[in-house]
Amino acid sequence: MLFENVRDADGKILRLVGTSLEITAQKEAEERIQMAASVFTHASKGVVITDAEGTILDVNETFTRIKGHPREEVLGQNPRILKSGLQGTEFYRKMWHSLLEAGQWSGEVWNRTKGGDIYPEMLTISAVRDESGRTLRYVALFADITELKDQQRKLERIAHYDVLTGLPNRVLLADRLRQAMVLAQRRRRALAVAYLDLDGFKQANDSFGHDFGDKLLQEVAARLRHHM
């Protein structure tokens, strides 16, 4: 609200004239900009913003923490400097096809840190378009999923390998046997299955205890792995 004094010829105030300016929309716009900047800076995921040609315009602090590249080092560069080399041309062709057609791509990708370490990340890329549909920017969000992949591998190993001996368990045996049977039928070949029994194991286990029996199984498993 702006006020202006209206005076007479002698300078005496006769009245005040007020002008009200609507600034609500302006303040809301400023708050949205500040909020977006805060999210960009403090996001738990790495953020990369490029122009339509793929030139990096900005990155956030999490990007630097994960990648090891300082912000100033990657500005003006192309994200291909982060590639691990593990994905082929076809992988990136499909990625760009999805970006150009649907304006978004999401999936797992292997990338490289500044120190040369290769790690898995979950990556989402979105196109920012104007009202006419022309792409102005690309925004990429990514997270290091190394711990998640390690946990998955541990769970898969627990599900398919014996904890004591480290040998494949019955679940993995059944799966591999089914595959072998299908392959043998397709190639019209015979399939042989060998069954090994440990003579006297129960007697040794009962006589010397379960700890001795466990060590015996581990030793047999180690020798099998060595010879097979």
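## Exercises: inside and outside of a chain

Of the 228 residues in the protein chain, 22% count as buried; buried means under 20% relative accessible area, exposed means over 50%, and partly exposed is in between (1.4 Å probe, protein chains only). You're looking at a predicted model, where local features need pLDDT of at least 70, side-chain atom pairs count only at pLDDT 80 or more, and totals for chains, interfaces and linings use all residues. Residues are numbered from 1 along each chain as its sequence is written, and side-chain values use heavy atoms, with hydrogens and water left out.

### Exercise 1

Find the largest nonpolar core and say which strand or helix gives the most to it.

**Step 1.** Know what to look for: a nonpolar core is a set of buried Ala, Val, Leu, Ile, Met, Phe, Trp, Tyr and Cys residues joined through side-chain atoms within 4.5 Å.

**Step 2.** The largest one has 19 residues, and Val48, Phe63, Leu123, Ile125 and Phe142 have the most contacts inside it.

**Step 3.** Elements that each supply at least two residues include helix H4 (89–102), strand S6 (118–129) and strand S7 (135–144). Helices (H or I, at least four residues) and strands (E, at least two) are DSSP runs, numbered from the N terminus.

**Step 4.** S6 gives the most, with four residues.

**Step 5.** Now pick out isoleucine 125: leaving aside neighbours within four places in sequence, its contacts (heavy atoms within 4.5 Å) include Met95, Leu99, Trp105 and Tyr138.

### Exercise 2

Locate valine 193 and decide: is it buried or exposed?

**Step 1.** Go to the loop between helix H6 (170–187) and helix H7 (201–208); that's where valine 193 sits.

**Step 2.** Check its relative accessibility: at 64%, valine 193 counts as exposed.

### Exercise 3

Work out how arginine 153 and aspartate 150 are placed, and how far apart their closest N and O atoms are.

**Step 1.** Find both in helix H5 (residues 146–160), three residues apart, or about one turn of the helix.

**Step 2.** Their closest N and O atoms are 2.2 Å apart, and the pair forms a salt bridge (a side-chain nitrogen of Lys or Arg within 4 Å of a carboxyl oxygen of Asp or Glu).

**Step 3.** Arginine 153 counts as partly exposed because its relative accessibility is 45%, and aspartate 150 is partly exposed at 30%.

**Step 4.** Put the pair in context: the structure holds 10 salt bridges. Another one joins aspartate 206 and lysine 202, with 2.9 Å between the closest N and O atoms, and both of these residues are exposed.
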